[in-house]
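Notebook open, model loaded. I went through aromatic pairs, helix packing, cores and odd backbone angles, in that order.

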Amino acid sequence: MIPSRDIAGLIEIMAQLRTPVTGCPWDVEQTFATIAPYTIEEAYEVADAIARHDLGDLCEELGDLLLQVVFHARMAEEQDAFAFGDVVEAITRKMIRRHPHVFADKDGQLTPSDVKGVWERIKAEEKAERAARHPLGSAAPSSLLASVKAGQPSLSQAMALQKKASSVGFDWNDPRAVLAKIREEADEIEAALDRGDTEEVAAETGDLMFALVNLARHVGADPDLALRGTNVKFERRFGYIEAALAAKGRTLQDASLQEMDALWDEAKGKEAQPVVPAK
């Protein structure tokens, strides 16, 4: 095997990795469910490279994301469901259908708003066609929340679900009421901890996170951006701990939790100090 610019080479590599006995043991034992988290992770890596304006990393991360598509397609092919070529054909057909102003209707010019209208109309037609392919009686009952995409990040999905429910009045009118709900959920977690019920602790933790997203929505904050900001802050303060210990010729492994906590508070204190402009 040698590197190639041809997608067929990547497909062949994945086929060999998935071959029992002669392939890679880790790759062979994977399933759609076990690979799905990696697929999501790679999509985030792509977004991160774009945010950093790093086109070199973007090229590499797009390759990692493409590998995920090839991986899923290979597992489906092993089950005689579909192959990579079917994936390409399906998206090609969809793009041609959703852009009649480019590939079919050559008469007249469409504005961006016209294009969006055509896109939404055709998407609705495709949704109806997918529903028609289901056996009678298998379709889920219509719901206000049905339009919320299940595949999006959980924070975004929680926000979208709450906005939909709020549109019909199922909502609090005061962020302080949401704060009370957060305290209630925290108390339920503590009760579950006291009972030693790990499954309930996990479920109640999810309830707490949902309530926190609700609070973010009520105060006009983006929960994902807020968490990313906290992640940056955590890295900065933890870096201060490492640097302070290194200045003393010590490592994290040498320090006690109490020492690290003290340095953490020291980092917080320095951040809180007002910046005095130079004269």
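**Entry 1: aromatic pairs**

A reminder to myself before starting: this is a predicted model. I looked for paired rings and got a count of three aromatic pairs. Trp26 and Tyr38 have ring centres 5.8 Å apart and planes at 80 degrees. Edge-to-face starts over 60 degrees, so this pair is edge-to-face. I then checked where the two sit: Trp26 is in helix α2 (residues 25-29) and Tyr38 is in helix α3 (residues 32-51). They are 12 residues apart, and the pair links distant parts of the chain.

Are these two buried or exposed? Neither, quite: Trp26 comes out partly exposed at 38% relative accessibility, and Tyr38 is partly exposed at 37%.

Next I pulled up Phe234 and Phe238, which form a stacked pair with 6.0 Å centre to centre and 15 degrees between the planes. Both lie in helix α11 (residues 223-247), four residues apart, which is about one turn of the helix. Phe234 has a relative accessible area of 46% and is partly exposed; Phe238 is partly exposed too, at 29%. I also noted that ring pairs join Phe234, Phe238 and Trp264 into a cluster.

**Entry 2: α5 against α7**

I wanted to know how these helices cross. The axes of α5 (residues 84-98) and α7 (residues 112-133) come within 9 Å, crossing at roughly 135 degrees. That angle is over 115 but not over 145, so I put α5 and α7 down as oblique to each other.

Which residues make the contact? From α5 I listed Lys94, Met95, Arg97 and Arg98. They meet Val118, Trp119, Ile122, Lys123, Glu125, Glu126 and Glu129 of α7. Sorting the contact residues by type gave me seven charged, four nonpolar and no polar.

**Entry 3: nonpolar cores**

The largest nonpolar core is made up of seven residues: Met14, Ile35, Val70, Phe71, Ala73, Met75 and Phe84. Helix α4 (residues 55-78) gives the most to this core, with four residues. I looked at Met75 more closely and, skipping its neighbours within four places in sequence, found contacts with Arg18, Gln30, Thr31, Phe32 and Ile35. Another core lies apart from this one and has six residues, including Ile241, Leu245, Ala255 and Leu263.

**Entry 4: Gln68**

Gln68 is in helix α4. Buried or exposed? I have Gln68 at 7% relative accessibility; the limit for buried is under 20%, so Gln68 counts as buried. Leaving out residues up to four places away in sequence, Gln68 touches Ile35, Tyr38, Thr39 and Glu42. Ile35 is also on my list for the largest nonpolar core, and Tyr38 is the partner of Trp26 in the edge-to-face pair. For a long-range check I took Gln68 to Phe170: 102 residues apart in sequence, and 39 Å apart in space from C-alpha to C-alpha.

**Entry 5: positive phi**

Last, the backbone. Most residues other than glycine have a negative phi, so I wrote down the exceptions I came across. His53 is not a glycine, yet its phi is positive at about 55 degrees. His53 sits in the loop between α3 and α4 and is exposed, at 70% relative accessibility. Asp80 also has a positive phi, near 60 degrees. I found Asp80 in the loop between α4 and α5, and at 74% relative accessibility Asp80 counts as exposed.

Note on methods. Residues are numbered from 1 along each chain as its sequence is written. This is a predicted model: local features need pLDDT of at least 70, side-chain atom pairs count only at pLDDT 80 or more; totals for chains, interfaces and linings use all residues. Side-chain values use heavy atoms; hydrogens and water are left out. Rings of Phe, Tyr and Trp (its six-membered ring) pair if their centres lie within 6.5 Å; planes under 30 degrees apart count as stacked, over 60 as edge-to-face and the rest as tilted. Buried means under 20% relative accessible area, exposed over 50%, partly exposed in between (1.4 Å probe, protein chains only). Axes are lines fitted to C-alpha atoms, for helices over the stretch in contact, and angles run from 0 to 180 degrees between N-to-C directions. Angles under 35 degrees count as roughly parallel, over 145 as roughly antiparallel, 65 to 115 as roughly perpendicular and the rest as oblique. Contact means heavy atoms within 4.5 Å. Ala, Val, Leu, Ile, Met, Phe, Trp, Tyr, Cys and Pro count as nonpolar, Asp, Glu, Lys and Arg as charged, and the others, Gly among them, as polar. A nonpolar core is a set of buried Ala, Val, Leu, Ile, Met, Phe, Trp, Tyr and Cys residues joined through side-chain atoms within 4.5 Å.
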